[in-house]
Amino acid sequence: MTIMKTKKEIISPSLLAADFMQIGNEIRNVTAAGADWIHADVMDGVFVPNITIGNPVVEAIKSVSSVPIDVHLMIVHPENHIQKFIKAGADILTVHCENNANIFYTLMEIRQSGISPAVAINPGTPVTMVEPLLSLVDMVLVMTVNPGFGGQKFIPDSLQKIMQIRKWSDERNLDLRIQVDGGINEKTARQCREAGADVFVAGTSIFKYPQGYAAGIKAIRGSSVAE
Ligand SMILES: O=C(CO)[C@@H](O)[C@H](O)COP(=O)(O)O
Ligand SMILES: [Fe+2]
């Protein structure tokens, strides 16, 4: 998938920390500040203890965005809803490995629709849960906080998980993207990069960065090699 291969590292700002009253301007401004993708968090109040947005809002986000939309589904039975998010314009569609008995079919259906499938794993889930799914996806999302809310503290144990997934990807020549999400800032992004991550989701440390969005993005890119 070309959107997966465009750059060595991807920064995907999470709109959860943006001003929803100004969402169009927020998307334009953060893209002008250097965002590579836009991360949309879909929560149903069941899989996670919070409710956010659904497919109509994803469609609105897509209509103003000039960069790919990265949709993170934190919902039960994602298999019943993926077509709606594909139609809404998701470019990358991420489903969790925890609660989906039909995840093979779900990931294959996403692939067949022509967009990028990704699988997410929670901090409390053993890394072996994603191992059988690696050949079906373009990206693994390693949650670095418990999903549900922005502004939480990074969980350092996640680094082991990133290392193991990068090892599997290398051994099998899968060239997987590894995305990290939750508590990502300049310091934790560097730790994740060293462990093997190459897609960085950040809400608070971009939208609430005191010196502005461009400075927040630049800080996360940090010591990475110039592209
Ligand atoms: O998926 C989630 C939370 O469940 C994230 O995408 C958060 O929105 C990230 O927010 P910060 O931790 O960067 O503030
Ligand atoms: Fe997310």
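Which residue in E8 stands opposite Pro 13? In this predicted model, the partner is Ala 202. The two strands involved, E1 and E8, pair in the parallel sense, and four bridges join them.

This pairing belongs to a wider arrangement. Eight strands form an open sheet with parallel pairing, in the order E1-E8-E7-E6-E5-E4-E3-E2. Strand E1 (10-13) and E2 stand at the edges. Each has a single partner strand, so one side of each is left without a neighbour in the sheet. From one strand to the next, the twist averages 25°. Helix H6 (residues 158-171) lies across three of the strands: E5 (116-121), E6 (139-143) and E7. The helix runs at about 165° to E6.

Four positions carry an annotation. The unreviewed UniProt entry places the feature "binding site" at His 39, Asp 41, His 72 and Asp 181. These positions are spread over 143 residues of sequence, yet they cluster in space. The largest C-alpha distance among them is 10.6 Å.

Two of the annotated residues, His 39 and Asp 181, are described here in turn. His 39 lies in strand E2. His 39 counts as buried because it has 25 C-beta neighbours inside 10 Å, and the cut-off for a buried residue is 20 or more. Beyond its neighbours within four places in sequence, His 39 is in contact with Ser 12, Pro 13, Ser 14 and Leu 15. Its contacts also include Asp 70, His 72 and Val 201. Pro 13, one of these contacts, is the residue that stands opposite Ala 202 in E8.

Asp 181 lies in strand E7 (residues 177-181). Asp 181 has 27 C-beta neighbours inside 10 Å and therefore counts as buried. With neighbours within four places in sequence left aside, Asp 181 is in contact with His 72, Leu 141, Met 143, Thr 144 and Val 201. His 72 and Val 201 thus appear in the contacts of both His 39 and Asp 181. His 72 is itself one of the annotated positions.

The ligand environment was examined next. There are 22 residues around ligand 1. Those that come nearest are Leu 16, Pro 147, Gly 150, Gly 203 and Thr 204. Three elements give two or more residues to this shell: strand E2 (38-43), strand E8 (199-202) and helix H8 (204-207). By class, the shell has twelve polar, eight nonpolar and two charged residues. Strand E2, which contributes to the shell, also holds His 39. Strand E8, another contributor, pairs with E1.

Definitions and conventions
Residues are numbered from 1 along each chain as its sequence is written. Chains are lettered from A and ligands numbered from 1 in the order in which they are written. This is a predicted model: local features need pLDDT of at least 70, side-chain atom pairs count only at pLDDT 80 or more; totals for chains, interfaces and linings use all residues. A residue is near a molecule or strand if its C-beta atom, placed from the backbone, lies within 6 Å of it. Ala, Val, Leu, Ile, Met, Phe, Trp, Tyr, Cys and Pro count as nonpolar, Asp, Glu, Lys and Arg as charged, and the others, Gly among them, as polar. UniProt positions are given in the numbering used here, feature names are shortened, and annotations may be inferred rather than shown by experiment. A residue is buried if 20 or more other C-beta atoms lie within 10 Å of its own, exposed if 12 or fewer, and partly exposed in between; C-beta atoms are placed from the backbone. Two residues are in contact if their C-beta atoms, placed from the backbone, lie within 7 Å. Two strands pair if DSSP finds at least two bridges between them. Axes are lines fitted to C-alpha atoms, for helices over the stretch in contact, and angles run from 0 to 180 degrees between N-to-C directions.
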